[in-house]
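Me: I'm new to this structure and would like a close look at one part of it. Could you pick one residue, start there, and then show me what lies around it and further along the chain?

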Amino acid sequence: MTEIISVRFKAGGKQYYFSPNGLSVRPGDGVILETARGQEYGECVHGNMELPDGKISQPLRSVIRIATEKDMQVLRNNQQKEASAFDLCQKRIAARGLDMKLISAEYSFDGNKVLFTFTSENRVDFRTLVKDLASALHARIELWQIGVRDEARKLGGLGICGKPFCCSTFLDEFQPVSIKMAKTQNLSLNPIKISGTCGRLMCCLKYEQDAYEDLLKRAPKPDSFVETPDGVGTVTGINLLRETVKVRLEDQPDSPRCFHNCELCVVRSGRGKMPENYTPPSREELEKLRKVTPREPPPTVGLTENLAGLAHDKQKPDGHRRKDAPAGRKQAGQPPAQKKGKAVSASEKQKAAPAPAQEDTVPLPNKAEKRPNRNRRRPYYGKNKKPQNKPGEG
């Protein structure tokens, strides 16, 4: 076990481990550190703690001292000199006519080095600029060309969600983001909606990608042929977050129904071929697929005497009226009531009789007729030549 402290040099920047060197450092304290660039000022994020040796890259650099009031005054003076150095560099860039956009100027803690960062679409020859800045600032000059994402991290701002940029607050490193993530999450492929202020794809697309990939593994593909508790049908829509699927049943193609993923049994995945010798399941086998709370049957349309065509009456599967249904409503499948004073003929009685009950079976899916392959390459017999008969043909 090694005793370390966690230090951050900039707000929202990456955290680094340093040896406390026997000092007791609390979170929020300023410390002077020994780094590869020399002495630097940092802010402690986590105080003294111990970590296994395998999680620490050796050798560890140590803390020189806890920042004093004199060190804080030096830090404020450096910030004032950074503003003047930034203005001077912009004037020299304009005078030289260089194609570059200056982003920031940073002084080292000891004031011996100035780091300028800029962006540009092309490579820039800034050797003459370095000489001008070194003679004016009397310090070592470094110019770094950075990308648009690093520019957004340094400048900061608000995203389309109304919160500060993730890269300037808590993201330590940029993670690769691809357009495939937007397609997986069923987002609009409009570049304005899925791009950040930097012009690249938003970093937050990476946050939920693992969850969507896990949901896709449990969901059937579109156009799959599945077995449901209410029969067999084809998948027409998928809701990944709710884990529900919209299925168009074979016996009711005009009214798709919604089922949970655990209620489905995939027979054909996607637009593939149906398995050979497929037989439709029985009603008992379909009922075994119901693994969630049974739903009420779909409503059937009925008419009331006082609201013609505006009321919808829910009927039970056996055709009987529910107990809570009003007495004035008609029952589905029942003949119309006879009016007093009028006789009903035998032909009208036959028309009004309920249709015979159909067998409770699931129809087989209609197999498409085999069509000739129009894309098959046909033989070429040459120009102005007729095909000759093969030996043995008439």
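Reply: Let's start with Q145, which counts as partly exposed because its relative accessibility is 41%, a value between the 20% limit for buried and the 50% limit for exposed. Please keep in mind that this is a predicted model. Q145 is found in strand 8. Which residues does Q145 touch, once neighbours within four places in sequence are left aside? They are F118, S120 and N122. F116 makes a useful landmark here too: 29 residues separate Q145 and F116 along the chain, yet their C-alpha atoms are 8.7 Å apart.

F116 leads us to the nonpolar core. The largest such core has 18 residues, and F116 is one of those with the most contacts inside it, together with M100 and L143. Strand 8 (140–145) is among the elements that give two or more residues to this core, as are helix 1 (69–96), strand 6 (101–107), strand 7 (113–119) and helix 2 (127–137). In general, nonpolar side chains tend to be buried together in soluble globular proteins.

M100 is a good residue to click on next. Not counting residues up to four places away in sequence, M100 touches I93, F118, T119, S120, V124, L129 and L143. Two of these names, F118 and S120, are also contacts of Q145.

Now look at the two helices that contribute to the core. The axes of helix 1 and helix 2 come within 10 Å and cross at roughly 145 degrees, and this crossing is right-handed. On the helix 1 side, the residues that meet helix 2 are A85, L88, C89, R92, I93 and R96. Their counterparts in helix 2 are T128, L129, D132, L133, A136 and L137. You may recognise I93 and L129 from the contacts of M100.

Apart from this core lies another, of eight residues, which include I5, F18, V31 and C44.

Let's move to the sheets. One open sheet has five strands in the order 2-1-4-3-5, with antiparallel pairing. Strand 2 (15–18) and strand 5 (63–66) stand at its edges with a single partner strand each, so one side of each has no neighbour in the sheet. From one strand to the next, the twist averages 45 degrees. Within this sheet, strand 3 (residues 30–35) and strand 4 (residues 38–51) run antiparallel and are joined by six bridges. To see this pairing up close, find I32, which stands opposite Y41 in strand 4.

Further along the chain, five strands form an open sheet in the order 12-11-10-9-13, and here the pairing is antiparallel. The edge strands are strand 12 (257–260) and strand 13 (265–268); each has a single partner strand, so one side of each is left without a neighbour in the sheet. The average twist from one strand to the next is 45 degrees. Strand 10 (residues 231–239) pairs with strand 11 (residues 244–249) in the antiparallel sense over six bridges, and T234 has R248 as its bridge partner in strand 11.

Finally, a word about confidence. The chain has a mean pLDDT of 75, with 73% of its residues at 70 or more. Over residues 300–333 the pLDDT stays under 50, and the model has 37 contacts beyond four places in sequence for this stretch. Residues 357–362 also have a pLDDT below 50, with six contacts beyond near neighbours in sequence. Where pLDDT is low, the predicted coordinates should not be read in detail.

Note on methods. Residues are numbered from 1 along each chain as its sequence is written. This is a predicted model: local features need pLDDT of at least 70, side-chain atom pairs count only at pLDDT 80 or more; totals for chains, interfaces and linings use all residues. Side-chain values use heavy atoms; hydrogens and water are left out. pLDDT is the predictor's confidence in each residue, from 0 to 100. Contact means heavy atoms within 4.5 Å. A nonpolar core is a set of buried Ala, Val, Leu, Ile, Met, Phe, Trp, Tyr and Cys residues joined through side-chain atoms within 4.5 Å. Buried means under 20% relative accessible area, exposed over 50%, partly exposed in between (1.4 Å probe, protein chains only). Helices (H or I, at least four residues) and strands (E, at least two) are DSSP runs, numbered from the N terminus. Two strands pair if DSSP finds at least two bridges between them. Axes are lines fitted to C-alpha atoms, for helices over the stretch in contact, and angles run from 0 to 180 degrees between N-to-C directions. A crossing is left-handed if the near helix is turned anticlockwise from the far one by less than a right angle, and right-handed if clockwise.
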